[in-house]
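Biologist: Could you take a close look at one part of this model for me, the second largest pocket, and set it in its surroundings?

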Amino acid sequence: YQRRVHGGKSFLAIQSLCHLAGVAHLWDNVHLCIHPQYGPWIGLRAVIVLNTDGLGINPPEPIENPILCRKLRNEVEEAYLKALKESTADNSKLTKDTMKENWRLWATIRELCGYDKFKYDDVQLQTVVKERRRVNLRS
């Protein structure tokens, strides 16, 4: 599972927790969670952990990628690679600033997934892309 280290402590990324909890599918190739009803138009903001015994039930099965069309998956993955390439064109690392400069390319990844009924408006979409606190990419 995806882990990060902060202040010497290891923790799971919220996208991984979302996937493990059966909330949405974590599409590793594009680092995006896809909900079966809302698509990529969901916000992951917090996780609450309780120090208590479990409920005695099995955890939910992970959700499969609801985007079934192979052609569409390829288009989304190509858009991701294009955004990544443009954001690291000068051989720099991907940062919040390089994402801000190329926010429209990053937004296109979500837009290609569809689910237009739940799509963020342009102001909200620009804010989501430009205000990402961390960028976590695996090779």
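Biologist: To start with, what percentage of the 139 residues in the protein do buried residues make up?

Modeller: Happy to help! Buried residues make up 33% of the 139 residues. Please keep in mind that this is a predicted model. The protein averages a pLDDT of 81, and 85% of its residues score at least 70. Confidence varies along the chain: among the elements, strand 3 (residues 25-27) has the highest mean pLDDT, 94, while strand 1 (residues 3-6) has the lowest, 59. Over residues 133-139 the pLDDT is below 50, although this stretch has 16 contacts in the model beyond near neighbours in sequence.

As for the fold, there are five helices and four strands, and from the N terminus they follow the order β-β-α-β-β-α-α-α-α. Of the contacts with a separation of 6 or more, 59% join residues 24 or more positions apart.

Now to the pocket itself. The second largest pocket holds about 320 Å³ of space. Its lining is made of I14, L17, C18, L20, A21 and V23, together with L44, R45, A46, V47, I48 and V49. Sorted by class, that lining has 11 nonpolar residues, one charged residue and no polar ones.

Since C18 is in the lining, you may wonder about cysteine pairing. A search of the whole structure finds zero disulfides. Elsewhere, C113 is buried, with a relative accessible area of 5%, whereas C69 is partly exposed, at 43%.

Terms used:
Residues numbered from 1 in each chain as written. Predicted model: local features only at pLDDT ≥ 70, side-chain atom pairs only at ≥ 80, totals over all residues. Heavy atoms only, no water. Disulfide = S-S within 2.5 Å. Buried < 20%, exposed > 50% of the residue type's maximum accessible area, 1.4 Å probe, protein only. 1 Å grid on protein atoms, 1.4 Å probe; cavity = no way out; pocket = protein on both sides within 12 Å on 5 of 7 lines; lining within 4 Å. Points joined across faces, edges and corners; volume = space filled by probe spheres on them. Nonpolar A, V, L, I, M, F, W, Y, C, P; charged D, E, K, R; others polar. pLDDT = per-residue confidence, 0-100. Helix = DSSP H or I, 4+ residues; strand = E, 2+ residues; numbered from the N terminus. Contact = heavy atoms within 4.5 Å.
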